[in-house]
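Dear colleague,

Please find below the structure that I agreed to pass on to you. My notes on it follow directly after.

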Amino acid sequence: MKTSRRKFIQSTIATSVGVSIIPRHVLGKGFITPNDQILVGVIGAGMQGRGLQNAICNYPELRLISASDVERTKRQLLSKNAIKKYRETQPSWKINSISLYPNYQDLIQEKNLNAVVIATPDHWHAKQALEAMDLGLHVFCEKPISHTIDEGRKMADSAKKNNVVFQTGSMQRSWKHFRHVSELIRNGYLGDIKKAVVYVGDPPIACDLPEEPTPDTLDWDQWLGAAPVRPYNAILSPPVEVRVYPRWRWYEEYGGGIVADWGAHMFDIVQWALGTDHTGPVKIVPPKNSKMTRGLKMFYENGIEIVHDNRKIFTDQHGIEFIGTQGKMKVARGHIETDPTSIANIQIKDSDIRLYRSDDHIMDWINGMKTRNGVITDAEIGHRTATVCQLVNIGYKLNQTLEWNPIKERFIGNSKANKLRTKKYRKPFKV
């Protein structure tokens, strides 16, 4: 019986005194020594992908060598931007070109590639990440990592099975501001938390955009991927000269609404602060008025209530309000407000519970790849946060009280809800 390449690598490493005696070509794409430069490809060259490209070029530990996008002008612009940036930040590297691919499957087959950054619409994340991880590539994937609960579970399991380092792009966990908030709550400075209100926007709606002419630079069928066939509209994939974030995330065929877009940040901090990174709510109760897109409640096993509210906090911010037996705290990017006011100024003591510290989300991923000591938002954490967002959306969609088993990751006694743990895929794009 022929031993698989992955099993051979794992058994060889486990039985060797030092991995340095193993030939590099045997160790594979994901093997990185502490002194290696990490060769990275970017999948998705839109606004977010180009933003990540710009960040990557600031790290000497990373070398961006390739990019993929279904829109020719976007991948060309990413390449142009990266070369310009590298000539500013790393002039000793005489870079003249970056490999460009219309299809991400060609990119992940590159011989020397170590890792990929995935910045495509949500409905593409799982397939691209799973195929990359099966090749031994490390992954940085934009949040929410998945489009369905089933996809997220497959991604978390794959990262573990393939022994790759997966960083979810929930960068708020690498901000001191949110770590301080979470440590205040973990250490009981608000007393026992009874309730948290998460202020993010609406759940998704079905896409009903009118048809527009498809640009000849775009492979629209590949953009759609597993989603149902429909005509092009620039709202979903704006031309490269239109410097706005696309609004595909508003539509259920491609994203999870603002519930999943901003919820993947704010529900994530709730999960972190409450210490529920490996579990989730057990009950979902939608508002009595089926037309409402705020007021859905979730309850955790310990009785803590989480409420979704589509309004803003601090007038114009997405954020969270924590309500405890000894105080209240409102938090958003750049803002903390507490009652009593003294809570915000509390200094966390060395003897208190201290959370994983990352002050730089990309550097945390780099360190994870080089040390294999873990990262702040691994695939399991990314999946659990995405699941909370997806539970909110399912609750609004079905407009009925649901019981959820966070261990089995199934709804209890509701086959209709369980069908929404996954989705229909166009056959060539099935995960």
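Beyond its neighbours within four places in sequence, Glu409 is in contact with Ile149, Arg153, His383, Arg384, Thr387, Trp404 and Arg421. Please note that these contacts come from a predicted model. Glu409 is found in the loop between β14 (402-405) and β15. Its relative accessible area is 7%, so Glu409 counts as buried, the cut-off being under 20%. The two strands on either side form a hairpin with four residues between them, and Glu409, in the turn, has a positive phi of about 55 degrees.

The strands of this hairpin pair in the antiparallel sense over two bridges, and Asn405 of β14 stands opposite Arg410 in β15. The side chains of β14 alternate: Leu402 and Trp404 point to one face and are buried, whereas Glu403 and Asn405 point to the other face and are not buried. Such alternation between the two faces of the sheet is what a regular strand shows. Trp404, on the buried face, is also one of the residues in contact with Glu409. β14 is joined to β8 (residues 283-285) as well, through two bridges, and these strands run antiparallel. Here Lys283 stands opposite Glu403.

Which order do the strands of the open sheet follow? There are nine of them, arranged as β13-β12-β11-β7-β10-β9-β8-β14-β15, and the pairing is mixed. The edge strands are β13 (335-339) and β15 (410-411), each of which pairs on one side only. At the β13 edge, five bridges join that strand to β12 (residues 328-332), and the two run antiparallel. Within this pair, Val331 has Ile336 in β13 as its bridge partner. Helix α8 (residues 176-186) packs on the sheet and touches β7 (193-199), β11 (319-324), β12 and β13. The direction of α8 makes about 160 degrees with that of β12.

A second glutamate, Glu183, lies in helix α8. Is Glu183 buried or exposed? Glu183 is buried, because its relative accessible area is 4%, and burial is set at under 20%. Leaving aside neighbours within four places in sequence, Glu183 is in contact with Ile348, Ile353, Arg354 and Leu355. Glu183 and Asp150 are 33 residues apart in sequence, and their C-alpha atoms are 31 Å apart in space.

Turning to the whole protein chain, there are 14 helices and 15 strands. Its radius of gyration is 22 Å, which agrees with the value near 22 Å that a compact globule of 431 residues would have. The C-alpha trace spans about 60 × 60 × 50 Å along its principal axes. Of the 431 residues, 57% count as buried. Among the contacts with a separation of 6 or more, 70% are between residues 24 or more positions apart. The chain exposes about 19800 Å², of which carbon and sulfur atoms supply 51%.

Finally, a word on confidence. The mean pLDDT of the protein chain is 93, and 94% of its residues reach 70 or more. Over residues 1-26, however, pLDDT stays under 50, and the model has 25 contacts beyond four places in sequence for this stretch. Where pLDDT is low, the predicted coordinates should not be read in detail.

With kind regards

Note on methods. Residues numbered from 1 in each chain as written. Predicted model: local features only at pLDDT ≥ 70, side-chain atom pairs only at ≥ 80, totals over all residues. Heavy atoms only, no water. pLDDT = per-residue confidence, 0-100. Contact = heavy atoms within 4.5 Å. Pairing = 2+ DSSP bridges. Axes fitted to C-alpha atoms, helices over the stretch in contact; angles between N-to-C directions. Buried < 20%, exposed > 50% of the residue type's maximum accessible area, 1.4 Å probe, protein only. Rg over C-alpha atoms; globule rule 2.2 N^0.38 Å. Areas by Shrake-Rupley, 256 points an atom, 1.4 Å probe, with all protein chains shown as cover.
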